[in-house]
Amino acid sequence: MSSPFLTASQLADAQALLERLIGEHKPGYALQREFQTDPGLYQLDLERIWRRGWLFAGHSCQVKRPGDYVVFDLDTDSIIVMRGDDERIHALHNTCRHRGMKVCQAESGHVGRIVCPYHQWSYARNGELAACGGMDKEGDLDRRDFSLHRLHVRDVGGLIFVCLARDPIPFDEAGRSLGALLQPQGFERAKVAATRRYEVRANWKLVWENNRECWHCNLNHPQYIKANYDNAPIDDAALKHEIEARARATSARLEADGVVIDHQEAGMVRFPSRDCWWSINRTPLVPGWVSESMDGQRVAPLMGDYQDADVGVLRMRSMPNFWVHASCDHAVAARLLPAGPRTTRIRAYWLVRDDAREGEGYQLDQLLPFWQLTNEQDWEICKWQQKGVDSIGYQPGPLSQRKEYNVDAFIRWYLKQMRSGGRDAAARPLTRVA
């Protein structure tokens, strides 16, 4: 992991390198090597994208009761997401206000109070300082000045988002649109059936680029292409008509239930755009498949409001760290977090309805394989791509506008964020305090 701080000189060098690379970048081509390897550019990524955008932190069903919490680490920043006694979800920096100890050291748990293990300063479940015994003049210390630092947090449709910036980018429009389409899935009435952790030896941008195209799917994802149309050529008029016809028929059947299948783009969503960090749509599965499982059949009870298994797949993505595929009976989500120029930590979640019982309503050996295989196939690709990018023989190549249009969209979005972040860099020095 690179140093979490840049000196003024290092910051100037990183900014100069960024400006040079942006000036040299060819539109429609892959990014240059330094974007995936340079420690200074990695720190600029953290400041201009990761510490300014809305990050998926976890699922509200993970923090059902007051005192339930989860912890996630963004590079050197550790964040607690906890349900307070007011039943609201709070996001707090995991750093004691006394001498900086990490107060919650487990990844999840339940507490009556947050107690620092170093000198036992204790905090209420909303982060307010409750006790600091042992201080020389405890009565003179205004506890209101020493709460755990709070972060902006939103809960939409059972998904929790956190922003580290003092002035976050707007969330309301995203919240309205996401909430409407997430509602039938019932994430707030779900439970996490399983998780898997991965440390992928690749820059986070390579992981996203891999997610943004399915040109590689025919060779690398044999089970995925049986269920999905993603690898269909966008200029195949007959196939596009078939997909749209199936989407229209399914939408007409489910319209009364408020479930709509996307047929405008035949499920091929161009994302991200330069100004939109989130996207959500429902796409059809191939005929005969109702779930992203190994045989296309249900592997768990219907989720949320679904009365019919043939509802396609709800897909959501949010930059820079989240995507989810949700079938009628289960959902699989991925949370990305950068941990260095060449490392991305990923947590995968499998969700089912909250009253489903393992061994009765679902079996893990049926629930997990489809996406566990797909994920691990992708992480292996990303690892070897990073090794190739590291080579002095690497030179950015042209992107296919038939197959990699979403990779191009991602690169355009990324460069725009990095450019706009540079305009106020002098006025807003690198900081990690929200």
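The exchange below concerns helix packing and nonpolar cores in a predicted model.

Local features of this predicted model need pLDDT of at least 70 and side-chain atom pairs count only at pLDDT 80 or more, while totals for chains, interfaces and linings use all residues. Residues are numbered from 1 along each chain as its sequence is written, and side-chain values use heavy atoms, with hydrogens and water left out.

Colleague: How are H1 and H3 oriented to each other?

Modeller: Helices here are DSSP runs of H or I with at least four residues, numbered from the N terminus, and axes are lines fitted to C-alpha atoms over the stretch in contact, with angles from 0 to 180 degrees between N-to-C directions. Helix H1 (residues 8-24) packs on helix H3 (residues 39-50) at an angle of about 90°, their axes lying 9 Å apart. Since 65 to 115 degrees counts as roughly perpendicular, H1 and H3 are therefore roughly perpendicular.

Colleague: Which residues in H3 does H1 meet?

Modeller: Contact means heavy atoms within 4.5 Å. From H1 come Leu11, Ala14, Gln15, Leu17, Leu18 and Leu21, and these meet, in H3, Gly40, Leu41, Leu44 and Arg48.

Colleague: Which helix gives the largest share of the largest nonpolar core?

Modeller: A nonpolar core is a set of buried (under 20% relative accessible area, 1.4 Å probe, protein chains only) Ala, Val, Leu, Ile, Met, Phe, Trp, Tyr and Cys residues joined through side-chain atoms within 4.5 Å. The largest has 103 residues, and Phe35, Phe161, Val162, Phe187, Met316 and Tyr414 touch the most other members. Its largest share, seven residues, comes from helix H11 (residues 405-423).

Colleague: How many residues are in the second, separate core?

Modeller: This core includes Leu92, Ile114, Cys132 and Leu148. Its number of residues is 17.

Terms used: Buried < 20%, exposed > 50% of the residue type's maximum accessible area, 1.4 Å probe, protein only. Helix = DSSP H or I, 4+ residues; strand = E, 2+ residues; numbered from the N terminus. Parallel < 35°, antiparallel > 145°, perpendicular 65-115°, else oblique.
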